[in-house]
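Student: I would like to take a close look at a single part of this structure, and I would be glad of one connected explanation that goes slowly.

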Amino acid sequence: MKFDAGAVTGLVVLAAVIAVVPLLGGAYLTTVALSMLVSFVLAESWDWLGGEMGYLNLGHYAFYGIGAYSFCLFLVGGAALAPSFVAAVAVPAVFAALLAVPMFRLKGDYFAFATLAIVPLCGLLTDNLSGITKGSEGVSLPPHYVLIPAYTMAGLLALATVAATLALTGSRFGYALKAIRNDEQAAEVVGVRLFPAKLRVLVLSAGFAGLAGAVQAWQFSFIDPDSMFGLSFALVPVAMALLGGSGLLWGPLVGVVLLTGAQQLLLIKLSMLQATIYGATILLIGRYLPGGLLRARALQRIPILAPLGREHHARIARRVAAAAGDALPLPPIAAAADASILGCRDLTLSFGGLVAVDNLTLNVAKGEIIGLVGPNGSGKTTLFNLISGVYRPQRGALAFDGRSLVGLRRDQVARLGIGRTYQIPRPFGDLTVRENIAIALMFREDGIVLAEAMAEAAPFAAFAGLVARLETRADALGLQERKALELARALAGRPKLLLIDEVASGLSTVEVRRFVDHIREIRDRYGITVIWVEHIFSALAQVVDRLVVLDAGRVIADAPLADAVRDARVLATYLGAASGAAR
Amino acid sequence: MPIDIIIQILLGGILLGGLYALVAFGLSLIYGVARILNIAHGTMLAITGVVASELYAATSWNPLLLMVAVVPPVFVFGYAFHAALLRPLARRRKHEEIIGTVLITTGLLIIMSDVTGVVAGTAQRNIPLAGAVLAFGDVIVPLTQVWIFAGILVLTLALHLFLKRSWFGRAVRGVTQDGIGAAICGVNSARAHAMTFAIGSGIVAVAGVLYAMTYPVDPYMGFSLTVKAFTIIIVGGIGNLAGALAAGILLGVAESFTAFLWAPQWAPLISVVVLLVILVVFPRGLAAWRTA
């Protein structure tokens, strides 16, 4: 169910090619094929971070070197083969776990750069700690001939890497990575816990890279700091993955075959400036093909090759039949009219000199629909950000359903049952509507498995009017559809409290009426408490039980709708003093 | 440890740190304005240093003349490089733009090091100026180093005045704070980006000549300088000249003492360790400018 026919065929073909090479080719061809397999493992495991999670780890090559060194030093130190290979996985994995703490503080090009600095750091340590590593002399293994066993191991490792990629792209964990790639904050507020996901994928990729390094070192039987931690080799796997197409199942393999082939030709034809040619290749890939060869338009026009340029997960998702029912699969929350669900007391947050939320106290009862209004900049969205854990209050207490929210992470807040939408929608752009909703279903408190989530996404999409767009990528949706997706995704998280931030603005009158009906249904049928920020007053007026008016971060009115609209301060600050005074 | 040795090491560290700060200025300026982390930045210093050393060996020109000879070509190269290779990436998706700039500047690093290595050789060299020596008791300061430090201060001040007082400097600061806002006010951001890349390259070329006057340079030393510059701008803050100068001097002094008290081969470790420690200990302080 997880593996589609194309991927399995590819895996079988790859296995057959790997098996045939040493039978038909001589030692030279087998050696080249072995280094191709090793490069492929490096490129593909790099892409788990790079392609799936969107983090450019330029220090991936260091794991390869550490794996090679661990293997050789264990072997030379008298350990047997198997424990040496175990060390080649374990040492880089532990190193990766230690690195994860500082490195994942960074994002984007800062992360890329800081990870690149890891490679010379390892080189320096290897050079200087010569008591352990034999320094710049390098480590030689006792004379041995292991081409065929090393090749077999590289082949098995490569197949395992493809299998791991398939398992990853079609798993809940894989979708956590895809959510992180698109928008970390949005991922967190649907319940994805960021750091463990990042840590796990880094450790996994380090283990594979380390083993690849060990296999290569076993065959080389000599390693030194320059070949293991040289900056001019460090980006080879990255360049390979990117050349073929990062994030594509077969992208790294295509890149590996092309670049290794080119490299072998160069070795024969050129005696100097090899690094220049290699640098120019990297430069040109960066300039013309940062999306990869398989995504190039010319290749996309060839029907047989076109599927190679599409991301693997899209095919998995489409296999799940669309089934739109009229009821949302949400168990109604028992109504307890007088029970409080949210309590904010003396909540304060200022940005520099601007006090965005000022000693705000607000209580919300279970099953209420609250309209939250106020002029621009009065603190409505900031209050939502405080409740959902995006910001932390500087002062005050925040309790939800009997527990304090202060100090909780965003994903913990989400799992307690607080869902939210963003005023400017933040969908996971390169995933489909179905996948967007499925992520929320998988990562809520009682999350369901991937296949069920893919199926159960349909009713939520239908509720939000997106049933025809289930397989559309979110970044291809119009603004209103994105807002609808925000609502569907927030509902899929099974919230007890839903924070809606200006979903109706820009809708036509008919659409607004339908939306108001939705809000009423959310409360009446499923028992979800709603706080709704909206500027379309007529829409609010149709459905809210209570109106809370903010001005300059303070509550200036908190009363049933009919009373609030007669309040002098509300008239002055929000509804318009001039019209009030004129009458 | 006698006080004069401490002072001697301190002076050496301050000088080295001042040079690091110059490298950081360019990197910080380019990142602040064009959002490009130029991985080849330190390598530009290395190559300029090698070229200036070769030029000095051939002509014995004085350092100011060497700068006049080597800085303008690097400036023009920086402009052309940005306009031809980096600028077109701005049209791509954000993720592809980051990948593209990383690959292009890394490719440039490898090409520059390799070509220079093949043409000029991989050996270390410098600009061996013979000059007077100032002695304060047991503390000895070559006059050359005084000139280098004067050069660093003048360049810092000039850059500060340029950014604060000139119209182009104001435009650059505008683009740094809000690219679209600056564009609405009529700043030609494509030109501002390319000019900034050129100015950053020019500064690092000046630093290259100054560096080669005291320390040996070779075609492959550049990346470790880029790492140091990166550490400095993380500590000192993007676009903060005074902060970068202070952080640079701190790093230079720390390296000098490490080399003296422990062993010279451990000195390069300091910057990476400082970087990692800062990332672990002060993540909040960095959050402000790390991502928008």
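Student: How many C-beta neighbours does A:Asn359 have inside 10 Å, and does A:Asn359 therefore count as buried, partly exposed or exposed? Please start there and then describe the sheet around this residue.

Tutor: Please keep in mind throughout that this is a predicted model. A:Asn359 has 14 C-beta neighbours inside 10 Å, and a residue is called buried at 20 or more and exposed at 12 or fewer, so A:Asn359 counts as partly exposed. The residue belongs to strand 4 of chain A, and its backbone deserves attention, since its phi is positive, about 50°, although A:Asn359 is not a glycine. As background, most residues other than glycine have a negative phi.

Now let us widen the view to the sheet. Four strands of chain A make up an open sheet with the order 4-3-6-7, and their pairing is antiparallel. Strand 4, which covers 354-365, and strand 7 of chain A stand at the edges with a single partner strand each, so one side of each is left without a neighbour in the sheet. Helix 19 of chain A, residues 380-387, packs on this sheet and touches strand 3, strand 4 and strand 6 of chain A, while its direction makes about 65° with that of strand 4 of chain A. In general, the strands of a sheet pair through backbone hydrogen bonds, either parallel or antiparallel.

Moving along the order, we come to strand 3 of chain A, residues 340-351, which pairs with strand 6 of chain A, residues 395-400, in the antiparallel sense over five bridges. Two pairs of residues let you find this pairing on the screen: A:Cys344 stands opposite A:Leu398 in strand 6 of chain A, and A:Thr348 has A:Arg395 of strand 6 of chain A as its bridge partner. Strand 6 of chain A is in turn joined by two bridges to strand 7 of chain A, residues 403-404, and these strands run antiparallel. Here A:Ala399 is the residue that stands opposite A:Ser404 in strand 7 of chain A. Strand 6 and strand 7 of chain A form a hairpin with two residues between them, and A:Asp401 in the turn has a positive phi of about 55°.

A residue of the other chain can be set beside A:Asn359. B:Arg35, which lies in the loop between helix 1 (3-34) and helix 2 (41-59) of chain B, also has a positive phi, near 55°, and is a residue other than glycine. B:Arg35 has 18 C-beta neighbours inside 10 Å and therefore counts as partly exposed.

Finally, the sheet can be placed within chain A as a whole. The domain assignment divides chain A into domain 1 (7-231), domain 2 (340-417 + 496-582) and domain 3 (426-494), and the residue ranges given above for strand 3, strand 4, strand 6 and strand 7 of chain A fall within domain 2. The centres of domain 2 and domain 3 of chain A, taken over C-alpha atoms, are separated by 24 Å. Their contact takes seven residues from domain 2 and ten residues from domain 3 of chain A, and the side of domain 2 that touches domain 3 consists of four nonpolar, two polar and one charged residues.

Notes: Residues numbered from 1 in each chain as written. Chains lettered and ligands numbered in written order. Predicted model: local features only at pLDDT ≥ 70, side-chain atom pairs only at ≥ 80, totals over all residues. Pairing = 2+ DSSP bridges. Domains from an automatic or database assignment. Contact = placed C-beta atoms within 7 Å. Nonpolar A, V, L, I, M, F, W, Y, C, P; charged D, E, K, R; others polar. Axes fitted to C-alpha atoms, helices over the stretch in contact; angles between N-to-C directions.
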